[in-house]
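Open the model in your viewer and keep the selection box handy. We will go from stop to stop, and each stop tells you what to select and what is there.

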Amino acid sequence: MDFINFKVGQKLVAFKILDILQTEKHETRLTSLPNQALGFLGVKDYGGKPVPIFDLGILLNGVSTGATNNELITLLKNREQDHVDWLNALRQTMEHGVPFNKARNPHECAFGRWYDSFNTDNRDFAELLKKFDAPHKQLHALADQILKLLDAGKKTEANDLLQREERSTYSSLLRLFTMARDQLALDYKPIIVFSTCDGIHPSIGLLVDKVEDSVDVNEQDIHPMDDLAHLGFDMNAQSTRLVRGLIHHNGRHSLIMEPRAIMPDPQLLRQCQAASVGMAS
């Protein structure tokens, strides 16, 4: 049986190829409708027919991957500013004798606390994060070195050291913050999966993070819903309706999606039908 895997947050989801009419990049704005259906983003024209689009991240994870991604980008921007402020504070201490009260331990600053606890299955992003460790620790160690030189009355040596580290360690750390934000922005390429019931007409569109791969699965590799509880999948009632089973393939698990389970409520269905009449006229 042929499936295509897609990433949705930390989950891997699979659609039967026969359930997919088309996939396309989510680049254009959707037409909004006054409806509060969970995960509903709006409608998109497909061959003159308005198709309801739902965010699968919200349906499965309770939060849009795009929103999570933007929050992480903002966090990194704020943690970068923390270190700009940190270096400025150290410079004020050296030049004007202002007491230095910023974190000297790299594990105690806001970034260090986040860095020590953060986990991701994005391999490229994880590899990039590893590069933060050395310059981040080296920068924080600079405070003790500078303060020691100042206590010994060696202000010139302290100034020379600060300038060297600003050109090297500090600059490297700022570049890493920029690279991390850029990678997050580039990695998130949302796709709309148009599902179909008859192989001809679209029934619904589901927003996913990106295409992962295609797989040909044997029946014995497909497990019923009961197996999910043993693997620690915590899903709400809506998510349970969406998932028809579990694929175990090449050491990974994919949730098999049932697009037909997302049935627009009567009000949304009437709104889409009205939009269709508007397009026809």
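In which strand is the place of Ile204? Select residues 202-208: this is strand β7, and Ile204 sits in it. (Helices, H or I runs of at least four residues, and strands, E runs of at least two, are DSSP runs numbered from the N terminus.)

Before moving on, a word on the model: it is predicted, so local features need pLDDT of at least 70, side-chain atom pairs count only at pLDDT 80 or more, and totals for chains, interfaces and linings use all residues. Residues are numbered from 1 along each chain as its sequence is written, and side-chain values use heavy atoms, with hydrogens and water left out.

**Stop 1: three single residues**

Stay with Ile204, which is buried at a relative accessible area of 2%. (Buried means under 20% relative accessible area, exposed over 50% and partly exposed in between, using a 1.4 Å probe and protein chains only.) Now add Arg260 to the selection: its C-alpha atom is 8.1 Å from that of Ile204, although 56 residues separate the two along the chain.

Next, pick Pro135 in helix α5. Pro135 is buried too, with a relative accessible area of 12%. Draw a distance from its C-alpha atom to that of Thr169, and you should read 5.5 Å across a gap of 34 residues in the chain.

Is Lys77 buried or exposed? Lys77, in helix α2, is exposed, with a relative accessible area of 55%. Arg181 lies 104 residues away in sequence, yet the C-alpha atoms of Lys77 and Arg181 are 7.7 Å apart.

**Stop 2: a pair of helices**

Colour α2 (residues 65-96) and α6 (residues 155-187): their axes come within 10 Å and cross at roughly 175°. (Axes are lines fitted to C-alpha atoms, for helices over the stretch in contact, and angles run from 0 to 180 degrees between N-to-C directions.) The two helices are therefore roughly antiparallel, a label for angles over 145 degrees. Their contact has 16 nonpolar, four polar and eight charged residues. (Ala, Val, Leu, Ile, Met, Phe, Trp, Tyr, Cys and Pro count as nonpolar, Asp, Glu, Lys and Arg as charged, and the others, Gly among them, as polar.)

**Stop 3: the largest pocket**

Select Lys7, Gly9, Gln10, Asp121 and Asn122, the closest to the centre of the largest pocket among its 29 lining residues. About 900 Å³ of space lies in this pocket. (On a 1 Å grid over the protein atoms alone, a pocket is an open set of points with protein on both sides within 12 Å along at least five of seven lines; a cavity is a set where a 1.4 Å probe fits but cannot get out; lining residues have an atom within 4 Å of a point. Points are joined across faces, edges and corners, and a volume is the space filled by probe spheres set on them.)

Which helix gives the most to the lining of the largest pocket? That is α2, with five residues. By class, the lining has seven nonpolar, 11 polar and 11 charged residues.

**Stop 4: the cavities**

There are two cavities of 30 Å³ or more. For the largest, select Pro106, His107, Gly112, Tyr115, Asp116, Asp133, His136 and Lys137. Helices α3 (110-117) and α5 (133-151) each give two or more residues to that lining, and the space inside is about 40 Å³.

For the second largest, with about 30 Å³, select Val8, Asp55, Gly57, Thr65, Tyr188, Leu207, Val208 and Asp209. Four of these lining residues are nonpolar, two polar and two charged.

**Stop 5: cysteines**

Finish with Cys109, buried at 11% relative accessibility, and Cys197, exposed at 52%. How many disulfides does a search of the whole structure find? The count is zero, where a disulfide is a pair of cysteine sulfur atoms within 2.5 Å.

Definitions and conventions. Angles under 35 degrees count as roughly parallel, over 145 as roughly antiparallel, 65 to 115 as roughly perpendicular and the rest as oblique.
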